[in-house]
Amino acid sequence: MGVKEFKLPDVGEGVAEGELVSWLVEPGDTVTEDQAVAEVETDKALVEVPSPYNGTVKELLAEEGEIVPVGDVIITFEVEGEGDEAADEERASAEMEAQESEADERETGDEAVGEGDGEAVAGESAEKSADRKAETPKGRVFAAPSARRLARELNVDIQSVDGSGPGGRVTDADVQTAANGRMDSDVEGSDSGPRETAIGEKKSAVSRRDDGESVDGSAASVEAAGRDRTLAAPATRRMAEEESINIDDVPTDETRDGQAFVTPEAVTQYAQAQREAREAEVQADAEAAEASEAEGASATDATEDGVAERIPYRGVRRTIGQQMEKSLYTAPHVTHHDTTVVDELVDVRAEYKELAAERDVKLTYMPFVMKAIVAGLREHPILNSTLDESDPENAEILVKDEYNIGIAVATDAGLMVPVVKNVDKKSILQLSREVNDLASRARERKVTREEMQGGTFTITNFGAIGGEYATPIINYPETAILGLGGIEKRPVVDGDDVVATETLPLSLSIDHRVIDGADAAAFTNTVMEYLRNPKLLLLE
């Protein structure tokens with residue numbers, strides 16, 4: 001079974017990074033290809049990231065809420081029947097361990113037998129066992145998985161590390177020495193004597209991976225012998241493995257044939273020292289965190305009276321802000337306001353509402369407005385345009401021949417603008433179905449990035465919340481946006497009388513570089529004509 005790494009893909013056009021909103025799996029879960037494993041928020045979309053493999057989740061390498069660059073490994077899978085280099089090297093490393101253990105058994109056989117350990121084999125010298133060392137294949141680096149993980153955390157190229165272990169195997173100490181030598185030339189990282197390493201200072205930002213390595217990291221926080229070779233009985237080695245400590249790090253004063261020899265008592269003492277060191281470290285971290293929180297709370301109380309909450313400005317909220325800023329500071333906005341009587345529209349909608357319901361369609365005013373806008377865009381195509389500024393010296397106005405209307409939808413995460421494509425080719429009921437579906441999925445943050453692209457004109461319906469007029473910000477690089485107020489009865493002069501009439505306030509913002517005020521007024525008049533006479537929409 002091989003281990004496969006999965007990098008955060010480019011889940012959107014030109015996306016450089018994304019916020020990992022939530023994991024949908026945990027280590028140990030079995031997944032199938034294309035099963036969603038995480039939710040990542042990029043730009044204006046919340047995207048589910050699918051698994052590329054059938055396998056088992058091994059590690060989650062990013063925390064929820066973390067901003068992850070595209071291309072970073074976020075998860076690893078164990079895949080049946082998939083060999084990989086890491087697995088091969090791990091197997092090779094295991095073979096080397098077995099050879100080393102066998103050699104050590106032979107080396108320590110006499111002493112071990114003397115101590116009553118029947119597993120040791122007598123009669124072979126250290127020199128003879130050394131001859132059994134495997135040679136490192138050219139181009140390959142033998143290293144334990146822990147050494148490879150440590151190299152990644154310390155940003156050390158393991159290919160450049162000289163291995164001091166059997167057969168040139170790279171050990172944790174070798175990686176640490178290389179890291180120390182790179183960061184501080186004064187560090188005596190190559191000494192063979194006992195030294196204090198700093199693995200614990202290089203903890204990964206990933207909690208689950210840290211969990212799996214915490215033993216190694218903590219072990220390095222107290223003095224470790226850091227030998228390259230240690231003699232010990234097989235039972236002693238198993239004891240060290242059960243304690244998850246490196247036998248070469250266990251301090252000892254005993255020797256056999258000039259080599260350091262570790263006893264079970266030494267292992268027990270060293271393991272206890274490790275546990276106490278970890279407990280002290282955890283306690284220190286907890287006290288530091290508590291002090292930091294207290295200090296932060298004190299600072300907040302002192303300088304931010306009245307601030308109830310700090311909300312990170314990122315994700316969808318930041319994208320909306322950046323887009324609004326770009327639009328407002330790029331396009332000179334002018335907003336044209338008007339109001340039209342929509343008594344007939346109200347009647348038509350009420351007349352067909354039940355009929356639409358029988359076809360399982362919720363009929364709103366939006367499809368009628370969209371049809372009226374398309375009629376207006378046909379008569380005034382300059383409003384159905386974008387300004388191509390990719391070459392500032394030769395900018396061009398691109399008048400579109402398709403009518404894709406974006407609908408601004410308020411969600412918990414901010415405004416999203418799904419786009420209804422080819423509005424001119426769809427009926428009122430078709431538009432109703434599509435608008436309802438897109439708006440619903442946008443609120444659930446299920447709309448895809450593709451469904452929010454390709455718009456040529458945008459509608460924002462602030463009247464659904466309450467209000468008459470506004471100054472909508474253009475959905476850049478489009479050149480116009482129409483804001484709808486609420487339809488309700490308002491006083492209107494009819495001859496010499498003032499009557500209560502159903503009216504719809506309109507707010508049209510335009511990019512004044514492209515569209516003149518006269519064009520805006522003419523377009524609005526056309527839209528209002530269709531809304532006052534909705535039967536004209538049957539001709540569209």
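This report describes the overall make-up of a predicted model, then two strand regions and one buried serine.

## Overall make-up

The protein chain has 540 residues, of which 43% are buried. Its secondary structure consists of 13 helices and 20 strands.

Among contacts in the protein chain with a separation of 6 or more, 63% are between residues 24 or more positions apart. The exposed surface of the chain comes to about 28,000 Å², and carbon and sulfur atoms supply 46% of that area.

## The four-stranded sheet

An open sheet is built from four strands in the order β1-β8-β6-β3, with antiparallel pairing. Its edge strands are β1 (2–7) and β3 (30–31), each of which pairs on one side only.

Strand β1 pairs with β8 (residues 73–79) through six bridges in the antiparallel sense. Within this pairing, Val-3 has Glu-78 of β8 as its bridge partner.

## Strand β18 and its partners

Strand β18 covers residues 480–484, and because five of its five residues are buried, the strand is largely enclosed by the rest of the structure. In a regular strand, side chains alternate between the two faces of the sheet. In β18, Ala-480, Leu-482 and Leu-484 point one way, while Ile-481 and Gly-483 point the other way. Residues pointing in both directions are buried.

The pairing of β18 with β17 (residues 457–460) is parallel and runs over three bridges. Here Leu-482 of β18 stands opposite Ile-459. Strand β20 (residues 497–511) is joined to β18 by five bridges, and these two strands run antiparallel. Ile-481 has Ser-509 in β20 as its bridge partner. Strand β18 thus has a parallel pairing with β17 and an antiparallel one with β20. Pairing of either kind in a sheet is made through backbone hydrogen bonds.

## Ser-327 in helix α9

Ser-327 lies in helix α9, which spans residues 315–330. Is this residue, Ser-327, buried or exposed? Ser-327 counts as buried because its relative accessibility is 0%, and the cut-off for a buried residue is under 20%.

The side chain of Ser-327 reaches the backbone oxygen of Ile-474 at 2.6 Å. Leaving out residues up to four places away in sequence, Ser-327 touches His-333, Ile-473, Ile-474 and Tyr-476. Ile-474 therefore appears both as a residue touched by Ser-327 and as the owner of the backbone oxygen that the serine side chain reaches.

Conventions. Residues numbered from 1 in each chain as written. Predicted model: local features only at pLDDT ≥ 70, side-chain atom pairs only at ≥ 80, totals over all residues. Heavy atoms only, no water. Buried < 20%, exposed > 50% of the residue type's maximum accessible area, 1.4 Å probe, protein only. Polar contact = N/O pair within 3.5 Å; in protein donor to acceptor, adjacent residues only side chain to side chain. Contact = heavy atoms within 4.5 Å. Pairing = 2+ DSSP bridges. Areas by Shrake-Rupley, 256 points an atom, 1.4 Å probe, with all protein chains shown as cover.
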